[in-house]
Amino acid sequence: MRLCVLLSLLLLLLQGALPHVTGQPTKSKRPKEPGENKIRPVNKKVKPKASKTKERESVDSSLKSQSILTQVMDKGHFQKLAATLSLAAGQSVELRCKGSNVTWNYPSYLDTFKDSRLSIKQLDRYSQLILANSTAADTGEYSCWLQPCSGNKCRKDETKTGSTYIFFTDKEELFVPAPSYFEIVYLNPDKPAVIPCRVTTPSAKVTLHREFPAEEIETDGTDIIYDAKKGFVFQHPTSDHKGIVYCKAESHGAPQISIKYHLLYVEVPKGPPSASVAVSSGRAGVRDRVRVVCTVLGEPDVDVSFRWQYPGQESERPVNIQNSWRLINRGIGHTTRISKSVLLVEDFEDIDVGNYVCIAQNLQGETAVATKVELK
């Protein structure tokens with residue numbers, strides 16, 4: 001009997017039905033599949049390592065597009081500026097530009113009228129521009145750049161600049177106020193012409209109108225386009241565009257009218273001055289009065305400067321020189337600028353006999369013309 005019980009216990013132990021008396025209980029193990037001990041891959045995307053050349057290129061491109069201009073917000077917070085910014089007129093704005101030697105650009109009239117609302121300070125690490133009590137007239141581009149200097153020579157650092165166009169919105173002033181009620185715009189066939197009826201609210205609907213005959217001028221988006229930061233742009237001006245025009249703007253209220261613009265077509269081609277010289281008399285007697293006139297026909301918006309060479313110049317012979325200019329209409333809607341320089345000799349003497357040379361100069365070059373005065 002005892003032998004049977006022992007045999008039964010031994011059989012159960014061999015089949016795993018009884019626990020071990022000592023140690024931890026054994027866990028039931030399943031057969032391992034082939035390769036199960038290997039580390040399973042994790043579904044993790046690994047970025048390929050960029051080459052040093054590409055790293056340098058990315059660094060260089062980031063430097064080129066780096067903006068150093070920020071806006072100071074409330075409680076010392078800063079905001080990077082986008083290409084445009086809209087603020088309500090009456091607000092004050094503070095801009096900062098990183099760098100130890102910064103140059104600013106802003107609407108020119110703030111300098112023209114030496115506006116005390118504008119202040120600029122250069123500190124150790126940045127330059128600060130503050131515009132207090134803004135108005136619609138302050139609408140425009142505000143930009144800055146680093147100006148490193150070596151001795152007396154300074155240059156603009158093109159890699160460290162910042163720029164934004166700020167709209168100071170005012171429902172009572174949809175157009176940026178102009179300094180006068182009438183403005184002349186020259187239409188040159190060689191370059192685009194801009195009618196500068198800029199708005200203070202970028203969402204305003206703006207149309208262009210001719211005064212006579214009264215009609216709206218179609219803006220096709222190709223030859224004539226509208227840019228809220230510039231105005232209407234005539235890409236290829238012709239003599240058909242001449243006349244008096246104005247702009248109309250609408251934005252959640254009654255439409256507003258801009259100042260009037262007189263479009264004048266330019267017929268004189270670009271180049272050095274087209275000059276001529278004439279004298280009151282080619283032969284003058286002692287104590288006569290001699291008048292030499294130098295005349296230049298040119299583009300309406302191109303300045304001309306004059307200088308003279310005359311016989312008594314080295315002896316410091318006193319002469320009277322007067323310069324002037326005016327616009328003339330050629331009769332077919334074309335406009336030309338006529339510039340004159342008049343040299344006057346009082347009490348003609350022997351020392352005044354000789355050649356009178358007029359040298360007219362503009363940005364394209366210079367032209368010299370001469371005439372001779374003899375003694376009777």
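A contact, as the term is used here, means heavy atoms within 4.5 Å. The structure shown is a predicted model, and the description below begins with a single loop residue before turning to rings, charges and the surface.

By that criterion, and leaving aside residues up to four places away in sequence, Gln 91 touches Leu 131, Asn 133 and Ser 134. Gln 91 itself is found in the loop between β3 (84-88) and β4 (93-98). Its relative accessibility is 36%, so Gln 91 counts as partly exposed. A further relation across the sequence concerns Phe 168: this residue and Gln 91 are 77 residues apart along the chain, while their C-alpha atoms are separated by 8.5 Å.

The aromatic side chains come next. Across the whole structure, a search finds two aromatic pairs. In one of them, Tyr 165 and Phe 167 are arranged in a tilted manner, with 4.9 Å from centre to centre and 55° between the planes. Both Tyr 165 and Phe 167 are buried. Tyr 226 and Phe 232 likewise form a tilted aromatic pair, with 4.6 Å centre to centre and 55° between the planes. Why are Tyr 226 and Phe 232 assigned to separate burial classes? The class called buried requires under 20% relative accessible area. Tyr 226 has a relative accessible area of 26% and is therefore partly exposed, whereas Phe 232, at 0%, is buried.

Two tryptophan rings have a charged side chain over the face. Lys 156 lies over the face of Trp 145, at 4.4 Å from the ring centre. For Trp 325, the residue over the face is Arg 337, at 3.8 Å from the ring centre.

Charged side chains also meet one another. The search of the whole structure finds ten salt bridges, and three of these can be followed in turn. Arg 96 is joined to Glu 94 by a salt bridge whose closest N and O atoms are 3.2 Å apart. Glu 94 has 18% relative accessibility and so counts as buried, because the limit for that class is under 20%.

In another salt bridge, Arg 283 meets Glu 374, with the closest N and O atoms 3.1 Å apart. This pair links distant parts of the chain: Arg 283 belongs to strand β21 (residues 283-284) and Glu 374 to strand β27 (residues 365-375), 91 residues apart. Each partner is partly exposed, Arg 283 at 43% relative accessibility and Glu 374 with a relative accessible area of 33%.

The side chains of Asp 352 and Arg 317 form a further salt bridge, at 2.8 Å from N to O. Asp 352 is in the loop between β25 (334-345) and β26 (354-362), and Arg 317 is in the loop between β23 (305-309) and β24 (320-329), so this salt bridge ties together parts that are 35 residues apart in sequence. Here both partners are buried: Asp 352 at 2% relative accessibility and Arg 317 with a relative accessible area of 12%.

Finally, the surface carries a nonpolar patch. Tyr 181, Phe 182 and Ile 184 form this patch, and together they have about 370 Å² of accessible area. Ile 184 is part of strand β12 (residues 182-187). With 37% relative accessibility, Ile 184 counts as partly exposed; a patch residue must have over 30% relative accessible area, and therefore Ile 184, at 37%, satisfies that requirement.

Note on methods. Residues are numbered from 1 along each chain as its sequence is written. This is a predicted model: local features need pLDDT of at least 70, side-chain atom pairs count only at pLDDT 80 or more; totals for chains, interfaces and linings use all residues. Side-chain values use heavy atoms; hydrogens and water are left out. Patches are made of residues with over 30% relative accessible area and no salt bridge: like charges are joined within 9 Å, nonpolar side chains (Val, Leu, Ile, Met, Phe, Trp, Tyr) within 5 Å. Accessible areas come from the Shrake-Rupley method with a 1.4 Å probe; for residues, only the protein chains shown count as cover. A salt bridge is a side-chain nitrogen of Lys or Arg within 4 Å of a carboxyl oxygen of Asp or Glu. Helices (H or I, at least four residues) and strands (E, at least two) are DSSP runs, numbered from the N terminus. Buried means under 20% relative accessible area, exposed over 50%, partly exposed in between (1.4 Å probe, protein chains only). Rings of Phe, Tyr and Trp (its six-membered ring) pair if their centres lie within 6.5 Å; planes under 30 degrees apart count as stacked, over 60 as edge-to-face and the rest as tilted. A charge sits over a ring if NZ of Lys or CZ of Arg is within 6 Å of the ring centre and within 35 degrees of the ring normal.
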